[in-house]
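Q: Could you take me through this model feature by feature, giving the general idea before the particular case?

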Amino acid sequence: MRVRLLPSGGVGDPRGQYLTSFIINDSMAIDAGSLVLGINRLSQLLIRKVVITHSHLDHHVGLPLLLDNIFSDMSECVTVYSTEETIDALKNHIFNNLIWPDFSSFSNSNGASLKFEVVEPYRCFAVDELKLTLVPVNHTVPTVGLILEDRHSAIAISS
C-alpha cells in the first residue's frame, strides 16, 4: 500500500498543514481538503474513490474543485464513501446546485458522474484491493477515523 500525505501549508512554510488529503495507491483519496492543490490534473484523473471522514470544510473543500477539473474527461464515476451524516451534509450544503453543481444528478459524455455510498462504522467494506473500516472518533461533528488494510500491511488514519 502506497500512502502519501498531500501538502497544504502556506507558501514557503511546510510546517503548516491546513487541509487534509491522503492519496492511497494513486487512485483513492482519504479526505479531499488539498486534493486539487497537492497533485496535478493528470494525477487527479486517477482518483476514482474518495473517503470523507467528516463534514468540516478542511476535509472536503477540494472535492467540488476536483470534479470540476476532471468531469469532462472522467471515464468512470467518482465514488464518495462516508457516513450518512457526512453525505447528507455534502448533498445539502455543497452539491446543492446553489453552492456547487450536483454532479450526482447528471453525467458526462462517457456516462460518468459522482456517486455517494453510505458506509456504516465498524462494517468492513472493500475498495479495489483494500479493506476499509470506519471507526467513530470524538470531534465536534460526527467523524470517523479509518483503518485501511491490504494483504501485506495496515494503517490507521485518525482524521
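The dialogue below goes through the sheets, a crossover, two buried residues, the salt bridges and the aromatic pairs.

Q: What kind of model is this?
A: This is a predicted model, and the features discussed below are to be read with that in mind.

Q: How are strands of a sheet held to one another, and in what order do the six strands of the open sheet with mixed pairing lie?
A: Strands of a sheet pair through backbone hydrogen bonds, and the pairing may be either parallel or antiparallel. Here six strands make up an open sheet whose order is S1-S2-S3-S4-S5-S6, with mixed pairing. At its edges lie strand S1 (3-5) and S6, each of which pairs on one side only. Averaged over the sheet and ignoring direction, neighbouring strands are turned by 20° against each other.

Q: Which strand pairs illustrate the antiparallel and the parallel sense?
A: For the antiparallel sense, take strand S2 (residues 22-24) and strand S3 (residues 28-30), which are joined by three bridges; within this pair, isoleucine 24 has methionine 28 of S3 as its bridge partner. For the parallel sense, take strand S5 (residues 78-82) and strand S6 (residues 114-118), between which there are five bridges, with serine 82 standing opposite valine 118 in S6.

Q: Through which helix does the chain cross from S5 to S6, and is the crossover right-handed or left-handed?
A: The path leads from S5 through helix H4 (residues 84-93) to S6, forming a β-α-β crossover that is right-handed. The helix H4 also packs on the sheet, where it touches S5 and S6, and its direction makes an angle of about 150° with that of S6.

Q: What is the order of the four strands in the other open sheet, and is their pairing parallel or antiparallel?
A: The four strands follow the order S7-S8-S9-S10, and their pairing is antiparallel. Strand S7 (125-127) and strand S10 (154-157) are the edge strands, each pairing on one side only, and the average twist from one strand to the next is 30°. Inside this sheet, strand S8 (residues 130-137) pairs with strand S9 (residues 143-149) over seven bridges in the antiparallel sense, and threonine 133 is found opposite isoleucine 147 in S9.

Q: How is a residue's burial judged, and is valine 80 buried or exposed?
A: The judgement rests on relative accessible area, with buried meaning under 20%. Valine 80, which belongs to strand S5, has a relative accessible area of 0% and is therefore buried. Leaving aside neighbours within four places in sequence, valine 80 is in contact with a set of residues that includes Val50, Ile52, Leu63, Ile87, Leu90 and Phe116. A separation of 9.9 Å lies between the C-alpha atoms of valine 80 and valine 119, which are 39 residues apart along the chain.

Q: Where does histidine 59 lie, and is this residue buried or exposed?
A: Histidine 59 sits in the loop between strand S4 (49-51) and helix H3 (62-70), and because its relative accessibility is 4%, it counts as buried. Not counting residues up to four places away in sequence, histidine 59 touches several others, among them Thr20, Asp31, Ile52, His54 and Ser159.

Q: How many salt bridges are found, and which parts of the chain does the pair of arginine 2 and aspartate 26 tie together?
A: Across the whole structure there are four salt bridges. One of them joins arginine 2 to aspartate 26, with the closest N and O atoms 2.8 Å apart; since arginine 2 lies in the segment before S1 and aspartate 26 in the loop between S2 and S3, the pair ties together parts that are 24 residues apart in sequence. Aspartate 26 is partly exposed, its relative accessible area being 37%.

Q: Which other side chains meet in salt bridges?
A: Arginine 41 and aspartate 73 meet in a salt bridge at 2.5 Å, N to O, and because arginine 41 lies in helix H2 (residues 41-44) and aspartate 73 in the loop between H3 and S5, this pair ties together parts that are 32 residues apart in sequence. Arginine 41 is partly exposed at 33%, and aspartate 73 is partly exposed at 42%. Glutamate 120 and arginine 123 also meet in a salt bridge, at 3.8 Å, N to O; glutamate 120 counts as partly exposed at 45% relative accessibility, whereas arginine 123 counts as exposed at 53%.

Q: How many aromatic pairs are counted, and which residues form one aromatic cluster?
A: The count comes to five aromatic pairs, and one aromatic cluster is formed by Phe71, Phe103 and Phe106.

Key:
Residues are numbered from 1 along each chain as its sequence is written. This is a predicted model: local features need pLDDT of at least 70, side-chain atom pairs count only at pLDDT 80 or more; totals for chains, interfaces and linings use all residues. Side-chain values use heavy atoms; hydrogens and water are left out. Two strands pair if DSSP finds at least two bridges between them. Helices (H or I, at least four residues) and strands (E, at least two) are DSSP runs, numbered from the N terminus. Axes are lines fitted to C-alpha atoms, for helices over the stretch in contact, and angles run from 0 to 180 degrees between N-to-C directions. A crossover is right-handed if, with the strands pointing away from the viewer, the path from the first strand over the helix to the second runs clockwise. Contact means heavy atoms within 4.5 Å. Buried means under 20% relative accessible area, exposed over 50%, partly exposed in between (1.4 Å probe, protein chains only). Rings of Phe, Tyr and Trp (its six-membered ring) pair if their centres lie within 6.5 Å; planes under 30 degrees apart count as stacked, over 60 as edge-to-face and the rest as tilted. A salt bridge is a side-chain nitrogen of Lys or Arg within 4 Å of a carboxyl oxygen of Asp or Glu.
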